[in-house]
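Trainee: I would like to understand the terms used to describe this structure. Could we go through them one at a time?

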Amino acid sequence: MSRITLLSLLLVTHQAMTFAPADTATAYRYLEMARELKSALKYDSAILYYDQSGDLFFDGKEWEMYFLTQNGIISSLIRLGNYGRAIKTSQNALARVTDDMEGVNTELATLYHNLGIIYGRTGRFDDELLNIHRAKRIWESQGDSSLQQVASAINNIGYHHSRKGELDSAISYYQQAYEIRRELFGDKHRTIALAFNNLGRLYGRKGDIQLELSYLQKAKNLWVEILGEDHHRVCLANSNLGNWYYKHGSIRRAIDYHRQAVQGAITIFGEQHHSVALYYNNLANALGKSGDPETQIEKLKKAAEIYEKVLGEMHYRTAVVYHSLAEVYLTHDQPDLASTYARKSLDIRTDAFGLRHPMVAKSYILKGMILESQDKWEEAAKSYQKALVANSHNFDAEDYGINPSAGDVLSPSENLKALVLKAGVLEKLSNNSDLKLLNHSLLCLQSAAGFLNTIRSEVIRDESKLNLAESNLNILESGVRVAHTLLQLTGNTEYFEDAFRFSELSKANLLEEVIRRTEILEFANLPDSVVPFERRLLREIAFYEKALIDEQQKSSPDTGKIYLWRSALTDLLVELDEHKIKLRDVYPDYYHFKYSEDFDSRSVEDLLLDRKTSFVAYFLGENALYIFVINRSGRQMARVALTEPLEERVLQLRKALAMGDFDTFTASAGKLYKALIGPVRNELNPTLIIIPDGILHFLPFEVLIDPDAMFDANGVYKHLPYLIRDFQIGYNLSASLAFQQLWSGQRKSYGTFIGFAPDYSGEYDTDGGFQKLSGTKKEVSDIADLLDGDKLTGPEASVDNFMLHARNYSIVHLACHAFTDDTNPKFSRLVLDPSGDGDGILHTYELYNLDLNADLVTLSACNTGIGKIARGEGILGLARGFTYAGTPSLLMSLWSVPDDQTGKIMTGFYRELKKGRAKDKALRLAKLKYLESSNNLVASPYYWGGFVISGNPSKVSLGGILIYWLVGAGVLLMVLSLWFYFRSGFQSASTRSKALSL
């Protein structure tokens with residue numbers, strides 16, 4: 001229909017309506033026309049027909065139809081953003097409700113529901129919740145016929161809670177709505193897509209970014225499939241995806257999605273619509289990250305202009321744009337303009353939300369940042385304190401030395417930000433000398449770390465936990481720094497404990513969590529059912545994690561399977577959490593071992609079985625390195641200012657070894673010694689347990705050289721004063737993980753040693769073929785002969801055989817190729833023989849559910865100890881997979897080493913191990929013996945330094961479970977022999993006694 005024709009029809013129809021008789025037939029005809037116009041997004045014309053139809057229905061006492069027309073008017077006004085008129089229409093309709101009106105329940109509920117939505121959009125949140133609950137009660141009274149409407153009400157109640165920052169409640173309501181809709185409509189419905197969208201955004205706010213992205217993409221795909229590309233829901237999906245990529249650094253993709261959202265909304269609604277303003281605001285944020293502040297400000301002002309016109313200057317959405325403008329001006333060092341817009345935003349939010357709301361807290365945080373940029377530190381601290389008050393239920397302290405309790409907080413993420421910023425300002429105010437302010441700063445950081453842990457505990461996926469840990473390392477670094485300053489000023493060792501706890505929070509938390517989950521111990525009064533139940537949960541969790549990864553890697557993944565498996569995984573993790581709560585209450589000892597996070601330097605003393613061991617942990621900050629030394633006799637903490645990036649020095653050392661550059665190697669090894677060992681050298685005992693951090697995971701400390709002991713070596717590697725000459729060294733990812741591995745005790749296995757050595761003589765389709773490893777078969781055979789163990793070589797060294805046999809041995813030795821995947825560490829892989837139907841590839845993620853019984857796994861492959869460095873967690877790679885599988889100690893390599901030298905080191909290591917040496921001592925002696933017997937061509941640390949022991953360094957049982965039977969049989973035989981001996985002795989004595997008496 002042309003525009004002219006439509007206008008003519010409207011004019012004629014309007015004239016007819018003016019004089020129409022009050023009959024319901026005409027009312028139904030007008031209603032049908034209103035619906036058609038509304039479907040065509042012609043809301044003004046639709047309102048005209050709804051209005052005339054409503055009058056006719058009212059005169060005819062068709063009450064249900066009358067309220068239906070009023071809802072049509074209200075929903076059209078909502079689409080137009082005319083909330084004031086929508087509220088007035090709703091109130092007028094409700095004022096006409098009388099007791100004699102029958103059969104109006106369904107549409108009356110819809111009216112309450114629409115009014116609630118309008119109140120929510122205009123910031124009247126108490127009225128919003130009241131009206132939606134009224135609607136929900138009416139619909140529930142209608143039974144199954146109104147389940148769809150009940151789901152809508154529940155969904156909007158969830159939205160209400162999400163705006164208040166009550167995320168767990170919001171997720172619960174969204175899940176309820178989703179289950180009802182899925183039961184009603186199946187998996188292919190626009191409301192199912194809306195549920196995915198809502199859940200995705202909430203999980204993002206909780207920090208589970210991978211689950212967020214999965215839900216958001218699934219929502220868009222379903223909306224496009226059902227509604228087509230040109231629909232406002234698809235615009236929303238594009239905007240949400242743009243926000244996700246913006247948050248996670250993919251700015252170009254973010255801009256593309258936001259531009260699609262803007263153009264789509266303009267096409268659908270026209271320029272003057274609140275949705276267009278929202279998408280302009282999001283596009284502006286992304287443009288700012290791309291280095292285009294002028295265009296960013298232009299788009300923000302355009303958004304503000306639309307909001308002011310459509311919603312009014314005092315609307316909470318207008319406040320969002322003002323907030324964004326303030327942030328832009330702050331970033332570009334224009335604090336006066338920033339302050340103006342921030343004040344506007346704060347005033348609107350206070351008026352809309354009241355004094356206690358996360359959005360009000362967000363405005364106070366921004367105000368504090370502006371004051372801080374002007375060096376008004378005390379005023380900034382007060383503003384951050386107001387943010388903490390606004391973000392709480394009952395907290396009212398104006399004293400910035402007091403912080404809210406965890407249970408009194410509305411939004412943990414806003415609380416976290418306010419605490420960290422307040423801590424920083426108090427540290428500045430202290431001038432590193434005011435003990436009171438420094439202690440206030442430390443308390444803020446401790447509280448922030450607690451909230452960080454709370455947020456982390458609610459995140460499901462490992463990848464999201466890693467991202468959360470890495471993005472919040474500044475909290476832990478600030479905690480270490482402030483605690484160290486207080487330690488220096490007071491000498492109080494409690495500050496050492498504080499610093500050490502912050503350092504531990506930055507190391508291997510995720511891996512330790514898995515170890516605690518999988519380790520099996522005997523505890524008093526623990527029912528036999530507990531461990532099998534946990535094992536069942538963990539097996540199922542691992543199954544779904546693997547299934548998800550496998551499906552996602554397919555060229556055409558089945559999104560239905562992905563969703564179902566992710567849902568099942570979520571349910572299992574919730575079940576595990578509930579199980580943990582029961583354990584905490586009923587079996588606290590077992591819970592403490594498996595799940596408690598209470599760990600300090602005093603616990604480390606349990607690791608130091610004698611006075612000859614020192615525990616050395618490193619924390620790498622932005623401009624300083626912190627070193628913690630714990631001995632049985634005391635503790636020491638040192639701070640080393642970094643004048644150059646430590647990463648460059650470590651990589652320079654590794655490159656010099658690979659290139660055979662003697663001078664560069666010795667210079668780098670000496671400088672690293674001065675930074676890493678020199679400050680604490682006098683505190684160290686002969687045996688070291690080292691906890692690296694960051695790039696230090698790539699450094700074998702044994703190759704460091706004391707520059708004060710250096711002499712003119714004339715290029716001779718053999719006689720250099722390496723650290724290994726003075727110290728026995730083992731490694732771990734964290735002190736608490738070392739504690740868990742020490743508790744693991746002796747494993748129960750049936751065999752001593754099994755070695756795997758493929759020869760790569762067959763055809764390989766992956767990785768372009770592999771170079772044959774000529775020395776690995778001999779290496780494995782020699783060790784198997786030495787330890788009276790087993791070996792699988794050539795085609796027998798397959799993945800199937802590994803899976804079948806590896807769990808039955810005390811020592812598992814793999815001499816093969818290995819490849820790391822820094823992009824996706826779970827796909828780092830060992831290459832075995834491709835016998836049978838397999839490809840010979842053993843991925844890291846396949847190791848997670850193996851449940852090995854080995855005391856030691858030796859990865860005699862290249863680069864098995866390296867991988868992607870995840871700050872806050874350590875190395876993500878092959879070695880981590882074996883630790884997940886329950887292996888308490890690993891022998892691995894930090895770079896490629898030729899076959900011959902590898903074989904000599906390995907054979908020497910096992911020879912010492914057979915003598916009953918601890919693993920770290922056995923490796924040290926093997927290296928020293930190799931060094932003494934080698935000529936200068938192969939004496940370089942390149943050939944021996946790359947092998948390291950990580951985990952529990954204690955001795956290995958070389959007999960599996962058989963040795964226990966042999967020892968038991970031996971003891972029994974000895975007891976029986978003694979019994980027979982003494983029995984025969986007594987009989988002889990008795991005989992002699994009788995003979996003498998005769």
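The dialogue below takes up confidence, helix packing and a sheet.

Trainee: What makes caution necessary for residues 960-973 and 978-998?

Mentor: The model is predicted, and pLDDT, the predictor's confidence, runs from 0 to 100. It stays under 50 over residues 960-973, where the model has 11 contacts beyond four places in sequence. It also stays under 50 over residues 978-998, where there are zero such contacts. Where pLDDT is low, the predicted coordinates should not be read in detail.

Trainee: What is the average pLDDT of the chain?

Mentor: The chain averages 80, and 80% of the residues score at least 70.

Trainee: Why is H16 called roughly antiparallel to H17?

Mentor: Helix H16 (residues 316-331) and helix H17 (residues 335-353) pack at an angle of about 155 degrees, with axes 8 Å apart. Angles over 145 degrees count as roughly antiparallel, so H16 is roughly antiparallel to H17. Their crossing is left-handed.

Trainee: Which residues of H16 and H17 meet?

Mentor: On the H16 side they include Tyr316, Tyr322, Leu325 and Tyr329, and on the H17 side Leu337, Tyr341, Ile348 and Phe353. The residues of this contact divide into 16 nonpolar, two polar and two charged. Tyr counts as nonpolar in this scheme, and Lys and Arg as charged; Lys344 and Arg349 of H17 are among the residues in the contact.

Trainee: What makes H5 and H6 roughly antiparallel?

Mentor: Helix H5 (residues 83-95) packs against helix H6 (residues 105-121) at an angle of about 150 degrees, and their axes are 10 Å apart. The cut-off is again over 145 degrees, so H5 is roughly antiparallel to H6. H5 passes H6 in a left-handed crossing. Among the residues making the contact are Tyr83, Ile87 and Leu94 of H5, with Leu108, Leu115 and Arg121 of H6. By class, the contact has 11 nonpolar, two polar and one charged residues.

Trainee: At what angle do H30 and H31 pack, and which residues meet?

Mentor: Helix H30 (residues 646-659) and helix H31 (residues 662-676) pack at about 145 degrees, with their axes 8 Å apart. The crossing of H30 and H31 is left-handed. Leu646, Val650 and Leu653 are among the H30 residues that meet H31, whose side includes Phe665, Ala669 and Leu672. This contact divides into nine nonpolar, three polar and two charged residues.

Trainee: Why are S9 and S11 said to stand at the edges of the sheet?

Mentor: The open sheet has three strands in the order S9-S10-S11, with antiparallel pairing. Strand S9 (817-819) and strand S11 (841-843) each have a single partner strand, so one side of each is left without a neighbour in the sheet. From one strand to the next, the twist averages 20 degrees.

Trainee: How do you know that S9 and S10 are paired?

Mentor: Pairing requires at least two bridges between the strands. S9 and strand S10 (residues 829-831) have three bridges, in the antiparallel sense, so the requirement of at least two is met. Within this pair, His817 stands opposite Val831 in S10.

Methods:
Residues numbered from 1 in each chain as written. Predicted model: local features only at pLDDT ≥ 70, side-chain atom pairs only at ≥ 80, totals over all residues. Heavy atoms only, no water. Contact = heavy atoms within 4.5 Å. Helix = DSSP H or I, 4+ residues; strand = E, 2+ residues; numbered from the N terminus. Axes fitted to C-alpha atoms, helices over the stretch in contact; angles between N-to-C directions. Parallel < 35°, antiparallel > 145°, perpendicular 65-115°, else oblique. Left-handed = near helix turned anticlockwise from the far one by under 90°.
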